[in-house]
Amino acid sequence: MTDNKNTFNNRYIIGISFISALGGYLFGFDFAVISGALPFLREQFMLDAWWEGFLTGSLALGCIAGCLIAGKLADKYGRKPGLMLAAFIFAVSSIAIAFSPGLTFFILMRFAAGIGVGMASMLCPMYIAEISPAKVRGRNVAINQLTVVLGILITNLVNYFLADTGENAWRWMFGLGTVPSVFFLLGVIWLPESPRWLLKDGQDVAARKVLDKIGSVEFVESTVSAIQRSLTGTTKYTYKELFDKGVRPAVVVGITLAVFQQFCGINVVFNYTSTIFESVGANLDRQLFETVAIGFVNLVFTLLAMWQVDKMGRRPLMLIGSLGLSVVYIILAFMLQNQYPAGMVSIFVLLAISMYAISLAPVTWVLISEIFPNKIRGMASSVAIVSLWGAYFILVFTFPILAKKLGAYGPFYLYAVICFLGFLFVLRKVRETKGQTLEELEDNLIRH
């Protein structure tokens with residue numbers, strides 16, 4: 001099926017993409033809020049390296065649970081109910097964290113927030129991919145990453161200005177997460193259900209109504225025909241069948257890319273900015289200022305990725321980013337090891353962020369939303385994203401412990417090696433997906 005840009009209601013497509021992508025803002029909020037809050041939480045709860053890592057990583061454990069819930073919910077009841085539940089859980093947990101009386105309650109509520117973030121992290125890109133025409137699917141899924149980085153930037157700015165409000169500043173930092181989650185919940189009420197899920201559920205008339213709002217009669221007919229063809233045969237998959245010979249290559253690539261996106265190490269920079277810059281003598285004000293600079297660079301290069309993901313393609317961006325990160329990490333580790341001034345360290349931290357923002361950050365989510373067959377997309381996406389959050393937990397849990405034993409620079413040599421191995425994996429195993437419908441990708445990647 002060839003897309004004609006004049007046959008689509010682009011305003012409507014972008015509108016529903018942005019609303020569903022507000023779930024990415026919650027993702028960005030929780031990534032960033034911990035970086036600004038950690039200096040206060042260390043004193044509030046008297047954290048050692050182990051507890052600091054576990055407190056930070058408890059979000060990821062919740063995300064794993066959220067993905068497992070979302071995968072089953074999305075396949076059984078649709079994408080929209082899952083998005084609504086994610087927003088509700090996040091709103092309630094944000095308020096609860098702000099009023100935490102102690103460490104145990106804080107960690108339990110951060111775990112609960114993770115359930116909402118995990119559900120949104122799986123459902124938002126999948127939903128956008130399923131309502132987007134092939135020609136703009138990469139850009140539209142990357143909108144989710146744009147809202148993630150906006151969440152990071154705005155949260156870092158808020159943290160910076162709240163830092164001088166006293167020892168309870170962290171409570172305001174977390175509590176303000178209620179605001180975007182309420183906006184997200186109200187927006188999701190307006191969203192249509194995914195036409196691909198509707199067809200899978202036998203709701204042909206409802207699916208055609210949604211597709212009719214997206215594109216022309218020709219687009220509706222060709223899309224319905226392609227989706228129905230892809231759904232013939234097996235009607236129910238189990239997790240065991242995800243590793244059948246026919247779909248195993250796509251599942252392995254999806255899981256590996258998800259794990260690589262975390263083990264590349266960049267979320268250490270996002271979550272432990274204060275630790276990294278404290279190691280070269282920066283004061284608290286400078287540490288929080290660096291989080292804001294990271295947010296701005298992250299935003300600029302995410303916009304660049306959105307511009308290029310459907311032009312240059314997924315594979316070249318992934319290759320550039322993974323190899324570039326490997327080189328930058330070696331230089332950064334050397335500078336941290338030899339106590340270079342904070343200003344010079346900042347340049348290479350920002351270079352690492354730019355490499356990640358133009359490649360692994362948005363493109364991994366695009367690929368995960370594209371490469372699985374219609375029949376198992378919900379279940380396969382949940383497996384890949386559970387793997388991503390498991391890797392995130394390991395990463396952020398181990399960094400304070402490794403930094404204490406090796407120095408803040410030590411882990412970055414390890415991340416450099418992982419990035420080079422990731423470069424080799426993408427070079428050998430990842431195929432280009434730009435410009436093809438989800439059904440064409442299924443034919444090309446799965447059946448041949």
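## A walk from Gln339 to the core

Start by selecting Gln339: at 49% relative accessibility, this residue counts as partly exposed, because that label covers whatever falls between buried (under 20% relative accessible area) and exposed (over 50%), using a 1.4 Å probe and protein chains only. You'll find Gln339 in the loop between α16 (314-337) and α17 (342-357); helices here are DSSP runs of H or I with at least four residues, numbered from the N terminus. Gln339 isn't a glycine, yet its phi is positive, about 55°.

Before moving on, know that this is a predicted model, where local features need pLDDT of at least 70 and side-chain atom pairs count only at pLDDT 80 or more, while totals for chains, interfaces and linings use all residues. Residues are numbered from 1 along each chain as its sequence is written, and side-chain values use heavy atoms, with hydrogens and water left out.

Next, hop to Met46, in the loop between α2 (22-45) and α3 (49-77). Met46 also has a positive phi without being a glycine, about 50°. Its relative accessibility is 69%, so Met46 counts as exposed.

Now select α19 (residues 377-406) and α20 (residues 410-429), which pack at about 130° with their axes 8 Å apart. Axes are lines fitted to C-alpha atoms over the stretch in contact, and angles run from 0 to 180 degrees between N-to-C directions. That angle makes α19 oblique to α20, the label left over once under 35 degrees is roughly parallel, over 145 roughly antiparallel and 65 to 115 roughly perpendicular. To see the contact (heavy atoms within 4.5 Å), show Leu395, Phe399, Leu402, Ala403 and Leu406 of α19 with Gly410, Pro411, Phe412 and Tyr415 of α20.

Keep Phe412 on screen and add Leu41, Ile266 and Trp389: of the 144 residues in the largest nonpolar core, these four touch the most other members. Such a core is a set of buried Ala, Val, Leu, Ile, Met, Phe, Trp, Tyr and Cys residues joined through side-chain atoms within 4.5 Å. Its largest share, 16 residues, comes from α19. Zoom in on Trp389 and look for the residues it touches, including Phe27, Phe31, Cys63 and Cys67.

Last stop: the cysteines. How many disulfides does the structure hold? Zero, a disulfide being a pair of cysteine sulfur atoms within 2.5 Å. For Cys67, the nearest cysteine sulfur, that of Cys63, is 6.6 Å away. Cys67 counts as buried, at 0% relative accessibility. Finish at Cys124, whose sulfur is 11 Å from the closest cysteine sulfur, in Cys67, too far for a bond.

Methods:
Helices (H or I, at least four residues) and strands (E, at least two) are DSSP runs, numbered from the N terminus. Lists of a residue's contacts leave out its neighbours within four places in sequence.
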